[in-house]
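Visitor: Could you walk me through this fold, one question at a time?
Guide: Gladly, let us look at it together.

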Amino acid sequence: MYSNASEALWALVQGKEGGTKDVQWRLTRLTDEGTLKNGVNHCHVEVTFANGLQFGITCYGDEASELHKNASILAGYTQGNVLPPVIA
């Protein structure tokens, strides 16, 4: 298990989940940072691998803002197996 959504995203792009090691990836979905009707922030990120695997990460509250920030950074590093800088 991961301690937060950003950590899970980082593990995915580093190839730490089954079937993702040394496989090209790209962000195929990043929702705009938004707020639900009840006032809670939310964010959804989808990572798709060249072998067809897809992973989605959804989170709420303060963690949603952090995930959106980190996924936005990753969006610039989705060419090949180039790893982004360490994200917080």
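Visitor: How many bridges join strand β2 to β3?
Guide: In this predicted model, strand β2 covers residues 34-35 and runs antiparallel to β3. One facing pair to look for is Thr35 and Asn41, the latter in β3. The number of bridges that join β2 to β3 is two.

Visitor: Which residue in the hairpin of β2 and β3 takes a positive phi?
Guide: Five residues lie between the two strands of this hairpin. The phi in question is near 90 degrees. The residue that takes it is Gly39.

Visitor: Which residue in the turn of the β3 and β4 hairpin has a positive phi?
Guide: Here the strands β3 and β4 have four residues between them. The phi is about 95 degrees, and the residue in the turn is Gly52.

Visitor: How many bridges join β3 to strand β4?
Guide: Strand β4 spans residues 54-60 and is antiparallel to β3. Along this pairing, His42 stands opposite Tyr60, and Val45 has Ile57 as its bridge partner. The bridges between β3 and β4 number seven.

Visitor: Which residue of β3 stands opposite Arg29?
Guide: Strand β1, residues 25-30, runs antiparallel to β3, residues 41-49. Five bridges join these two strands. Opposite Arg29, in β3, stands Glu46.

Visitor: What pattern does the protein chain follow along the sequence?
Guide: The secondary structure comes to two helices and four strands. Read along the sequence, these elements follow the pattern α-β-β-β-β-α.

Visitor: At what angle do the axes of α1 and α2 cross?
Guide: Helix α1 takes in residues 5-13 and helix α2 residues 62-74. Their axes come within 8 Å and cross at roughly 25 degrees. As angles under 35 degrees count as roughly parallel, α1 is roughly parallel to α2. The crossing angle to remember is roughly 25 degrees.

Visitor: How many nonpolar residues are in the contact of α1 with α2?
Guide: From α1, the contact uses Ala5, Ser6, Leu9 and Val13. From α2 come Glu63, Glu66, Leu67, Asn70, Ala71 and Leu74. Two of the contact residues are polar and two are charged, while the nonpolar ones number six.

Visitor: How many of the nine residues of α1 are buried?
Guide: The buried residues of α1 are Ala5, Ser6, Ala8, Leu9, Trp10, Ala11, Leu12 and Val13. They pack against β1, β3, β4 and α2. The helix is largely enclosed by the rest of the structure, because its buried residues number eight of the nine.

Visitor: What share of the residues of the protein chain count as buried?
Guide: A residue counts as buried when its relative accessible area is under 20%. The protein chain has 88 residues, and the share of them that count as buried is 35%.

Visitor: Why does the search of the whole structure find zero disulfides?
Guide: A disulfide needs two cysteine sulfur atoms within 2.5 Å. The cysteine sulfur closest to that of Cys43 belongs to Cys59, and it is too far for a bond. Both residues are buried, with Cys43 at 0% relative accessibility and Cys59 at 4%. What rules out a bond between Cys59 and Cys43 is the sulfur separation, 5.6 Å.

Visitor: Is Asp22 buried or exposed?
Guide: Asp22 sits in the loop between α1 and β1. Its phi is near 60 degrees, a positive value in a residue other than glycine. With a relative accessible area of 66%, Asp22 is exposed.

Visitor: What distance separates the C-alpha atoms of Glu17 and Phe55?
Guide: Glu17 is placed in the loop between α1 and β1, and at 27% relative accessibility Glu17 counts as partly exposed. Leaving aside residues up to four places away in sequence, Glu17 touches Tyr2, Ala11, Leu12 and Phe55. Glu17 and Phe55 are 38 residues apart along the chain, and their C-alpha atoms are separated by 9.9 Å.

Visitor: What percentage of contacts between residues at least 6 apart in sequence join residues at least 24 apart?
Guide: The contact of Glu17 with Phe55 spans 38 residues along the chain. For the protein chain, among contacts between residues at least 6 apart, the part that joins residues at least 24 apart is 50%.

Conventions:
Residues are numbered from 1 along each chain as its sequence is written. This is a predicted model: local features need pLDDT of at least 70, side-chain atom pairs count only at pLDDT 80 or more; totals for chains, interfaces and linings use all residues. Side-chain values use heavy atoms; hydrogens and water are left out. Buried means under 20% relative accessible area, exposed over 50%, partly exposed in between (1.4 Å probe, protein chains only). Two strands pair if DSSP finds at least two bridges between them. Axes are lines fitted to C-alpha atoms, for helices over the stretch in contact, and angles run from 0 to 180 degrees between N-to-C directions. Angles under 35 degrees count as roughly parallel, over 145 as roughly antiparallel, 65 to 115 as roughly perpendicular and the rest as oblique. Contact means heavy atoms within 4.5 Å. Ala, Val, Leu, Ile, Met, Phe, Trp, Tyr, Cys and Pro count as nonpolar, Asp, Glu, Lys and Arg as charged, and the others, Gly among them, as polar.
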